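Could you walk me through this model in my viewer? I would like to know what to select at each stop and what I will find there.

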Amino acid sequence: MICEHEGNTACFSKVSLFQHLETAEAALLTSLLHTRKYNKGEYVVQEGEHSDTLFVIHQGSVKLTKYNENGKEHIIRFLFLGDFFGQDSLLHQAPHPCNAEVLEESIICSIRKQDFDQLLERDPKLAYHFLLVITRMLSEADEWNSSLSSMTTEQKIAKLLLDFHSRNHATHEIRLPVFKKDMALLLGITPETFSRKLNILQHQRLLQVNGNEIRILQLQQLKDMIS
């Protein structure tokens with residue numbers, strides 16, 4: 001079990017949005033954040049749910065999903081340490097546009113709109129930083145979607161693994177908190193195709209697969225595949 005104060009401090013220290021805060025504002029943020037532990041399979045929020053809260057991942061991972069009218073799941077994004085979600089609800093008090101499902105035991109911090117507004121009054125620059133971060137997120141999402149449409153299946157898998165590698169602050173090993181079928185769904189391919197292509201990359205000695213762990217053996221070659 002973590003001390004909430006220590007957990008709150010560590011939580012926002014990994015988020016670029018809050019890293020510019022002065023000592024007094026950082027202390028205020030620490031006092032305003034709430035920390036909760038979630039078990040695998042729990043929902044932090046569900047699509048259509050109303051709230052006014054921003055959530056930040058301090059430990060673990062989360063899957064953002066939507067379901068179409070036929071009940072088919074659409075994966076929007078996987079989130080890891082330092083990522084946040086719920087900005088639409090925080091800014092506009094709008095219903096959550098997607099489900100946020102916990103993929104492994106996770107610790108998630110949160111801040112409500114009234115408390116976030118209090119922080120903005122103390123540090124107006126925070127609004128500018130918030131806009132920059134959200135703009136970057138939208139740009140990355142557009143780049144991801146446009147690049148995947150022109151890639152081969154092997155390139156899509158390489159791009160996803162490199163994304164996991166960089167966002168998990170990994171060296172060469174990636175422990176996947178997600179099912180391979182979820183990774184396939186994100187890439188728009190079948191789980192069978194994903195497994196087969198992953199085996200090909202392993203036979204080429206670009207990586208080594210051991211259950212839910214992948215060790216990247218040739219990082220630069222994977223990067224060269226998508227360049």
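Start by selecting phenylalanine 164: with a relative accessible area of 0%, this residue is buried. Keep in mind as you go that the model is predicted.

Now add phenylalanine 78, which at 2% relative accessibility counts as buried. The ring centres of phenylalanine 78 and phenylalanine 164 are 5.7 Å apart and their planes sit at 85°, so this is an edge-to-face pair. Colour strand β5 (residues 73-79) to find phenylalanine 78, and helix α6 (residues 153-167) to find phenylalanine 164; the pair therefore ties together parts that are 86 residues apart in sequence. Bring in Phe80 as well, since ring pairs link Phe78, Phe80 and Phe164 into a cluster.

For the next stop, note that the whole structure holds five aromatic pairs. Select phenylalanine 55 and phenylalanine 85: their ring centres are 5.2 Å apart and their planes meet at 20°, so the pair is stacked. Phenylalanine 55 belongs to strand β3 (residues 53-59) and phenylalanine 85 to strand β6 (residues 84-85), 30 residues apart. Both phenylalanine 55 and phenylalanine 85 are buried.

Finally, turn to the largest pocket, which holds about 1,300 Å³ of space. To centre your view there, pick Arg77, Leu79, Met137, Glu140 and Arg167, the nearest to its centre among 42 lining residues. Which helix gives the most to the lining of the largest pocket? Show α5 (125-149): this helix provides 10 residues. Colouring the lining by class gives you 23 nonpolar, nine polar and 10 charged residues.

Notes
Residues numbered from 1 in each chain as written. Predicted model: local features only at pLDDT ≥ 70, side-chain atom pairs only at ≥ 80, totals over all residues. Heavy atoms only, no water. Phe/Tyr/Trp six-rings, centres within 6.5 Å; stacked < 30°, edge-to-face > 60°. Helix = DSSP H or I, 4+ residues; strand = E, 2+ residues; numbered from the N terminus. Buried < 20%, exposed > 50% of the residue type's maximum accessible area, 1.4 Å probe, protein only. 1 Å grid on protein atoms, 1.4 Å probe; cavity = no way out; pocket = protein on both sides within 12 Å on 5 of 7 lines; lining within 4 Å. Points joined across faces, edges and corners; volume = space filled by probe spheres on them. Nonpolar A, V, L, I, M, F, W, Y, C, P; charged D, E, K, R; others polar.
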